[in-house]
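Biologist: I am new to this one, so could you walk me through it step by step? I will ask, and you can explain.

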Amino acid sequence: MSLSEREIREENHQELFTKTRQSFLFPVNTQGQPRTYLCGNSLGLQPRLAQDLIQQELQRWATLGIDGYFEGETAWVHYADQCKPELARLTGSGEDEVVLMNSLTTNLHLLMASFFQPRGNKRKILIEQQAFPTDHYAMASQLQWHGLSPAEDLIVVQPDQPGGVFSLVHFQQVIEQHADELALILLPAVQYVSGQWLPMEEITRVARHHGITIGWDCAHAAGNVPLKLHDWQVDFAVGCTYKYLNGGPGAPGWAFVHRKHHGRNLPRLTGWWGNRPQSRFEMAPEFEPADGVNAWQLSNVPVLATAAVLAGLSVFSEVPISVLREQSLRLHTILRGILAQYDQLVMLTPASDQAHGCQLAFGHGGGRDATRELFEHLLADDIIGDWREPGIIRLSPVPLYNNQEDLQKVAGSLGRFFQG
Ligand SMILES: Cc1ncc(COP(=O)(O)O)c(C=O)c1O
């Protein structure tokens with residue numbers, strides 16, 4: 001019997017993902033056995049290559065000192081540029097539109113300095129209720145910075161569906177209702193609790209239709225769902241690299257500014273690294289902006305931290321985005337099927353393929369304590385997920401390093417919990 005085209009494709013994919021899985025180091029239990037890691041939504045695993053790339057730059061620092069900035073293939077003045085091709089591919093940006101720098105929250109503030117320009121009646125910011133706290137704090141403090149009041153000028157959209165989920169129609173209605181007073185919309189691309197992937201393209205279109213600037217927090221989206229920030233005409237976006245990009249704890253963030261805003265006379269908080277590289281070391285007091293998003297850079301790059309980011313990005317380089325997404329959906333569907341066998345479990349993450357990444361968020365219908373008991377049981381079985389109050393478990397099968405056997409371990413553990 002000959003294999004169907006689909007089966008051949010799946011077999012090839014399995015080979016590819018066996019290889020990517022081997023590129024990572026898994027946490028181990030007290031017996032030294034690898035634990036089942038389903039927590040990439042919080043912190044991605046360490047790519048094996050990270051230690052080599054960090055060691056390489058430590059060695060260059062030891063032997064070259066200051067000359068490391070300008071000498072060799074990985075000269076530190078250009079070091080972060082090596083991230084651009086893969087960051088651009090994973091975010092659907094041009095290399096002139098995306099840059100690795102600072103941290104997500106810092107980048108959010110920097111881009112708000114350029115893109116939040118309250119004028120007269122058009123001075124409000126729209127955000128969603130369960131957005132990650134940093135988004136709330138940043139938006140509230142930006143309003144205050146401009147002498148405005150978060151109580152009056154922050155429009156907080158409540159979810160209209162069970163499980164903290166939003167419908168597109170709901171967003172459309174709220175945006176239309178406030179169109180005349182909105183200066184900015186900031187939303188999470190993938191909601192960090194429910195795991196919902198918001199309809200980014202459609203919401204961006206609604207914002208554009210009403211002439212409202214829109215930015216996306218892509219912390220849970222980059223490396224998780226296919227993004228087309230350029231094609232969707234997103235104004236700006238920010239992200240981190242320590243979750244699905246596997247860049248390490250506290251790894252640098254990234255920023256996206258759409259090409260249509262490059263070269264505009266936007267207000268900007270500047271630093272010397274945003275100066276044109278050709279004249280940066282002339283040390284002139286006048287600022288000459290670098291091309292594209294690079295003009296938003298402030299400081300020279302943390303090379304050792306960036307080395308780990310490069311290691312993380314390198315694992316993606318052999319995987320087409322469509323193949324990554326196919327594998328992600330495959331694992332997500334398997335896990336969803338396993339959880340669905342238990343009526344006691346309540347799923348928060350929407351079921352439609354278009355509305356989620358790899359993460360599955362759920363709780364026990366018995367309430368917080370029952371959910372906590374289940375979470376502890378999974379942990380005792382060496383299954384690492386994560387916990388969010390007021391009683392939510394998040395499990396994220398990451399296509400680069402999780403496989404079906406990991407999910408079978410979850411199935412076994414759940415079986416023991418519910419039957420044992
Ligand atoms: C959605 C979201 N936004 C922002 C952040 C915080 O980013 P940072 O600490 O890199 O500024 C996180 C951290 O987990 C997050 O999940």
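Modeller: Gladly, and please keep in mind that this is a predicted model. Let us start at Ser 352, which sits in the loop between strand E11 (345–347) and E12.

Biologist: Is Ser 352 buried or exposed?

Modeller: We can count the C-beta atoms around Ser 352: 9 others lie within 10 Å. A residue with 12 or fewer such neighbours falls in one class. Ser 352 is therefore exposed.

Biologist: How far apart in space are Ser 352 and His 220, C-alpha to C-alpha?

Modeller: Along the sequence, 132 residues separate Ser 352 from His 220. In space, the distance between their C-alpha atoms is 18 Å.

Biologist: Let us turn to helix H12. How does its reach compare with what is expected at 1.5 Å a residue?

Modeller: H12 runs over residues 368–380, which makes 13 residues. The expected reach at 1.5 Å a residue is 18 Å. From first C-alpha to last, H12 is close to that, reaching 18 Å.

Biologist: Where do the buried residues of H12 lie around its axis, and why?

Modeller: The buried residues in H12 are Thr 371, Leu 374, Phe 375 and Leu 378. Because they cover an arc of only 100 degrees around the axis, they share one side of the helix. A general rule fits here: an α-helix has 3.6 residues a turn, so residues three or four places apart point the same way. The place you asked for is the same side of H12.

Biologist: What covers those buried residues of H12, and which exposed residues are on the face turned away?

Modeller: The cover includes strands E12 (360–364), E13 (383–384), E14 (386–388) and E15 (392–395), along with helix H13 (404–419). The face turned away from the buried side carries the exposed residues Asp 369, Glu 376 and Ala 380.

Biologist: Which residue just after H12 takes a positive phi?

Modeller: Look in the loop between H12 and E13. The residue there has phi near 65 degrees, a positive value in a residue other than glycine. With 18 C-beta neighbours inside 10 Å, this residue counts as partly exposed. The residue is Asp 382.

Biologist: Which two residues does a cis peptide bond join?

Modeller: One partner is a proline in the loop between E14 and E15. Omega of the bond is about 10 degrees. The pair is Glu 389 and Pro 390.

Biologist: How is helix H11 oriented relative to H13?

Modeller: The axes of H11 (residues 321–340) and H13 come within 10 Å and cross at roughly 10 degrees. Angles under 35 degrees fall in one class. So H11 and H13 are roughly parallel.

Biologist: How many nonpolar, polar and charged residues are in the contact of H11 with H13?

Modeller: From H11 come Leu 331, Ile 334, Leu 335 and Ile 338, and these meet Gln 404, Leu 407, Val 410, Ala 411 and Leu 414 in H13. By class, the contact has eight nonpolar, one polar and no charged residues.

Biologist: Is Lys 124 in strand E5 buried or exposed?

Modeller: Lys 124 lies in E5, residues 124–128. Beyond four places in sequence, Lys 124 touches Asp 153, Ile 155, His 178, Glu 181, Leu 182 and Ala 183. With 21 other C-beta atoms within 10 Å, Lys 124 is buried.

Biologist: How far apart in space are the C-alpha atoms of Ile 185 and Ile 214?

Modeller: Ile 185 is in strand E7 (residues 182–188), and it is buried, with 27 other C-beta atoms within 10 Å. Leaving aside neighbours within four places, its contacts are Leu 126, Ile 175, Ala 207, Ile 212 and Ile 214. Ile 185 and Ile 214 are 29 residues apart in sequence, yet their C-alpha separation is 4.7 Å.

Biologist: What about Asn 246: is it buried or exposed?

Modeller: Asn 246 has its place in the loop between E9 and E10. Its phi is positive, about 60 degrees, although it is not a glycine. Having 29 other C-beta atoms within 10 Å, Asn 246 is buried.

Technical notes. Residues are numbered from 1 along each chain as its sequence is written. This is a predicted model: local features need pLDDT of at least 70, side-chain atom pairs count only at pLDDT 80 or more; totals for chains, interfaces and linings use all residues. Helices (H or I, at least four residues) and strands (E, at least two) are DSSP runs, numbered from the N terminus. The expected span of a helix is 1.5 Å times one less than its number of residues. A residue is buried if 20 or more other C-beta atoms lie within 10 Å of its own, exposed if 12 or fewer, and partly exposed in between; C-beta atoms are placed from the backbone. The arc is that of the directions from the helix axis to the C-beta atoms. Two residues are in contact if their C-beta atoms, placed from the backbone, lie within 7 Å. Axes are lines fitted to C-alpha atoms, for helices over the stretch in contact, and angles run from 0 to 180 degrees between N-to-C directions. Angles under 35 degrees count as roughly parallel, over 145 as roughly antiparallel, 65 to 115 as roughly perpendicular and the rest as oblique. Ala, Val, Leu, Ile, Met, Phe, Trp, Tyr, Cys and Pro count as nonpolar, Asp, Glu, Lys and Arg as charged, and the others, Gly among them, as polar.
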